[in-house]
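Here are some notes to go with the structure, written for someone opening it for the first time. Keep the viewer open as you read.

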Amino acid sequence: MALLSPFQKEKLEYFFNFFDSNGDKFIEFDDLDGFMKRIVDYTGWKTNSPAYHEIYGVHEAFFEILMEKTAHKKVTLDDWYKLWAKLIHGSMGMQNFPVWLRLLPRSLFRIKDRDQDGLIKEEDLTDFYSNFVQLEDAEANVVAKKAYELMTDFGRYPLNLASYEQIFANFLLGKTPHGPGRFIFGCFEHSTHRTKFQLIKAANDDEVEIPVEKINTRRGSTDIVRLRLKKV
């Protein structure tokens, strides 16, 4: 089983809180309705719309399989880490993950693509970071500009679903905070400003360890948005 780097754990903890809608530090079926309410509040979708039913179906199946794989009706963060460590082991991209997981980035892409034109634009990222992730507006603008540049190679390539799936794979698989995957949620920029990364032991196929330092938690910054999500 692959070992997760500290940065992978940081990202996966945010992803865990993304689904833990009541903030009780468990993922359980009771969280599904709260999670979907956040989606509806952000997108404005009607609960009888095709988009809503599609996203609900994907995440209902995800919750069911998550609890089946962990053998718990209340999934803890430790359960979550162990599951992803198994799933990530040997994976090179989204194509190596099971179908029930490959649907997650497609759903997130649809949520971000506000005008449903098949492309995520810089303004879509700004809106998502500001109104869903809850960065302050000024910071959302700065992060979105940087994210869009890195995700599209400064506009050379469109940010379509195929590109987004590759970036989402980097979010899951990237052990250090230097790939475009850190912009999936846009709240990990503090990780690029830490002191130099040092290998605690020789690198192997399983793990690169990264020192974790205390983060300055100013209000509205990318540093504390993961804490704020727990309270939504």
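Leaving aside its neighbours within four places in sequence, which residues is Leu-172 in contact with? Keep that in mind; the reply is in point 2.

1. First, what you're looking at. This is a predicted model. The protein chain has 9 helices and 0 strands, so to label the elements from the N terminus on, you'd just write α-α-α-α-α-α-α-α-α. Of its 232 residues, 51% are buried. Among the contacts with a separation of 6 or more, 65% are between residues 24 or more positions apart. The accessible surface comes to about 11,500 Å², with 53% of that belonging to carbon and sulfur atoms.

2. Now back to Leu-172. You'll find Leu-172 in helix 8. Its relative accessibility is 2%, so Leu-172 counts as buried, the cut-off being under 20%. Neighbours within four places aside, the contacts of Leu-172 are Gln-8, Leu-12, Trp-84, Ile-88, Met-94 and Phe-97. Have a look at Lys-11 as well: its C-alpha is 7.8 Å from that of Leu-172, although the two positions lie 161 residues apart in sequence terms.

3. Stay with Lys-11 for a moment. Its charged end sits over the ring of Phe-171, 5.6 Å from the ring centre. Lys-9 does something you can describe in similar words: the charged end of Lys-9 sits over the ring of Tyr-81, at 5.5 Å from the centre.

4. Aromatic rings deserve a tour of their own. Searching the whole structure turns up 34 aromatic pairs. Take Phe-15 and Phe-185: the ring centres are 5.9 Å apart and the planes meet at 45°, so this pair is tilted. The two rings link distant parts of the chain, with Phe-15 in helix 1 (residues 6–19) and Phe-185 in the loop between helix 8 (161–173) and helix 9 (225–229), 170 residues apart. Are these two buried or exposed? Phe-15 is buried, at 2% relative accessible area, and Phe-185 is buried too, at 0%.

5. Trp-80 and Trp-84 make another pair worth a click. Their ring centres are 5.7 Å apart and their planes are at 70°, so the pair is edge-to-face. Both residues lie in helix 4 (residues 77–88), 4 residues apart, about one turn of the helix. Trp-80 and Trp-84 are both buried. Trp-84 is also one of the residues in contact with Leu-172 from point 2.

6. Next, the empty space. How many cavities of 30 Å³ or more does the structure hold? There is 1, and the volume of the largest cavity is about 50 Å³. Its lining is made of Phe-15, Phe-18, Phe-19, His-59, Leu-104, Leu-108, Ile-111, Phe-168 and Phe-185, so the tilted pair from point 4 turns up here again. Helix 1 and helix 5 each supply at least two residues of that lining.

7. Last, helix 6 (residues 122–131). Which of its residues are buried? They are Asp-124, Leu-125, Thr-126, Phe-128, Tyr-129 and Ser-130. What covers them includes helix 2 (30–43), helix 5 (99–112) and helix 7 (137–152). Helix 5 is thus worth a second look, as it also contributes at least two residues to the lining of the largest cavity.

Definitions and conventions. Residues are numbered from 1 along each chain as its sequence is written. This is a predicted model: local features need pLDDT of at least 70, side-chain atom pairs count only at pLDDT 80 or more; totals for chains, interfaces and linings use all residues. Side-chain values use heavy atoms; hydrogens and water are left out. Rings of Phe, Tyr and Trp (its six-membered ring) pair if their centres lie within 6.5 Å; planes under 30 degrees apart count as stacked, over 60 as edge-to-face and the rest as tilted. Buried means under 20% relative accessible area, exposed over 50%, partly exposed in between (1.4 Å probe, protein chains only). A charge sits over a ring if NZ of Lys or CZ of Arg is within 6 Å of the ring centre and within 35 degrees of the ring normal. Contact means heavy atoms within 4.5 Å. Accessible areas come from the Shrake-Rupley method with a 1.4 Å probe; for residues, only the protein chains shown count as cover. On a 1 Å grid over the protein atoms alone, a cavity is a set of points where a 1.4 Å probe fits but cannot get out, and a pocket is an open set with protein on both sides within 12 Å along at least five of seven lines; lining residues have an atom within 4 Å of a point. Grid points are joined across faces, edges and corners, and a volume is the space filled by probe spheres set on the points.
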